Amino acid sequence: MLSVYVDLALGLAVTFLLLSLLVSGINEGVVRLLSIRSKFLWAYLRDTLDGADLNGSWLPARVRDVFTRLPFLRDPRPRYSDLPAPPEAGAVPEPRAKADDAMIKLLYERVREIDHAKRGRTSIADIPPGRFSVAVMELATSEDGDVERFLAKLKAADSPLYGHLKGIWETAQRDLDRFRQGVETWFDGEMQRLSLLYKRYVKWVLAALSLLVTLVFTMDGLEYAKTLLRDNAFRASVTAVSEAGPDAYSELKAQCAGADPVHCVTETMSQPALVRMLGQALVSVSIPERGEPSVDWNGSTWWDRLMTPSHWPGFLLTYVALLFGAPFWWDVLRRLTGIRSRR
């Protein structure tokens, strides 16, 4: 009996892991397609170096802005340049000649050697804190090594960066090496804060995608658990996927004991467990023994399942399970199967 419940746990873990990976894959595909991470970074840098413009802050204030305004309406990234960084950093412009992106351009000049183009814009999505601190030191030393003059120009240009660097400079007691280390530590902390802000926005997107995947596949977790408990052959085939060991088919073979067990096992496994698991989706794929795979539209069946109240508790179970994410279910599967993580 214990083995049955272990197999049940394995089957559910495999199911939720695969669906969670699908949710993560869709999210990652959208993020990469729209360059969300890169735009998020440069939106923060624009706010920090040049400040808000006439349209307000560059960083999105709402979840929907992350996937509407940021990708399509206001691209904060500098335009890509294939030129090498100039030998000397540019000076902070005078207030009357300062453009809205003056400081961003100066910073991009110092880090563009690690860049490559993406639709005419920079694709940099991460600036190491050490590289940022070196870029700031290069800008500061462009004023003949006079950090005080550099800070005065930042203040005159009304750059929000002035307040941060002024505090670091005073804390470092006007020591250049300690100032550089302070800038690196401060920027590292800012990147961690920005990462938390980004995750806070993305978790709502993952929640919406989890609901979408649950409904598209009409994955009833309770119904699936009942199937695993009642159908020994199906449970064994799912367990075989998760265990992938030499004894994975022992229970399946026991169920097919008879005159021709090989034919029984082959027949049972000809419709893979993972295909049957997602067979109630809006669109399903059939893989026949002979011929080409076919794509089937299950609109009426899918709608009937969706509108059946008895399935709703199972949909809710699946949805809540997907909110835990793929890393959680991989860890569960690893613990159940004894897979050791690589170090």
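The exchange below concerns salt bridges and one pocket in a predicted model.

Colleague: How many salt bridges does the model have?
Modeller: Side chains of opposite charge can pair when their charged atoms come close. A pair is counted when a side-chain nitrogen of Lys or Arg lies within 4 Å of a carboxyl oxygen of Asp or Glu. By this rule, the count for the predicted model comes to 16 salt bridges.

Colleague: With which residue does Arg37 form a salt bridge?
Modeller: Arg37 is partly exposed, its relative accessible area being 35%, and its partner likewise counts as partly exposed, at 23% relative accessibility. The closest N and O atoms of the pair are 2.9 Å apart, which falls within the 4 Å that the definition of a salt bridge asks for. The partner of Arg37 is Glu28.

Colleague: In the salt bridge between Arg62 and Asp65, which residue is buried?
Modeller: The closest N and O atoms of Arg62 and Asp65 are 3.3 Å apart, and a residue is called buried when its relative accessible area is under 20%. Arg62, at 44% relative accessibility, counts as partly exposed. The other partner has a relative accessible area of 7%, and the buried residue is therefore Asp65.

Colleague: How many residues apart in sequence are the parts tied together by Arg305 and Glu223?
Modeller: The side chains of these two residues, Arg305 and Glu223, meet in a salt bridge with an N to O distance of 3.0 Å. Arg305 lies in helix 15 (residues 299-306), whereas Glu223 lies in helix 10 (residues 221-230), so the pair ties together parts whose separation in sequence is 82 residues.

Colleague: Which residues do salt bridges with shared partners join into one network?
Modeller: Here the salt bridges share partners, and the residues they link therefore form one network under the rule for counting such pairs. The members of this network are Glu148, Lys166, Glu170 and Arg174.

Colleague: Which helix gives the most to the lining of the second largest pocket?
Modeller: The second largest pocket has a volume of about 240 Å³, and its lining includes Arg37, Phe40, Asp126, Met191 and Lys199. Helix 2 (36-49) and helix 9 (176-216) each supply at least two residues of that lining. With five residues, the helix that gives the most is helix 9.

Colleague: How many charged residues are in the lining of the second largest pocket?
Modeller: Among the lining residues are Arg37, Asp126 and Lys199, and Asp, Glu, Lys and Arg count as charged. By class, the lining has six nonpolar residues and one polar residue, while the charged residues number three.

Terms used
Residues numbered from 1 in each chain as written. Predicted model: local features only at pLDDT ≥ 70, side-chain atom pairs only at ≥ 80, totals over all residues. Heavy atoms only, no water. Buried < 20%, exposed > 50% of the residue type's maximum accessible area, 1.4 Å probe, protein only. Helix = DSSP H or I, 4+ residues; strand = E, 2+ residues; numbered from the N terminus. 1 Å grid on protein atoms, 1.4 Å probe; cavity = no way out; pocket = protein on both sides within 12 Å on 5 of 7 lines; lining within 4 Å. Points joined across faces, edges and corners; volume = space filled by probe spheres on them.
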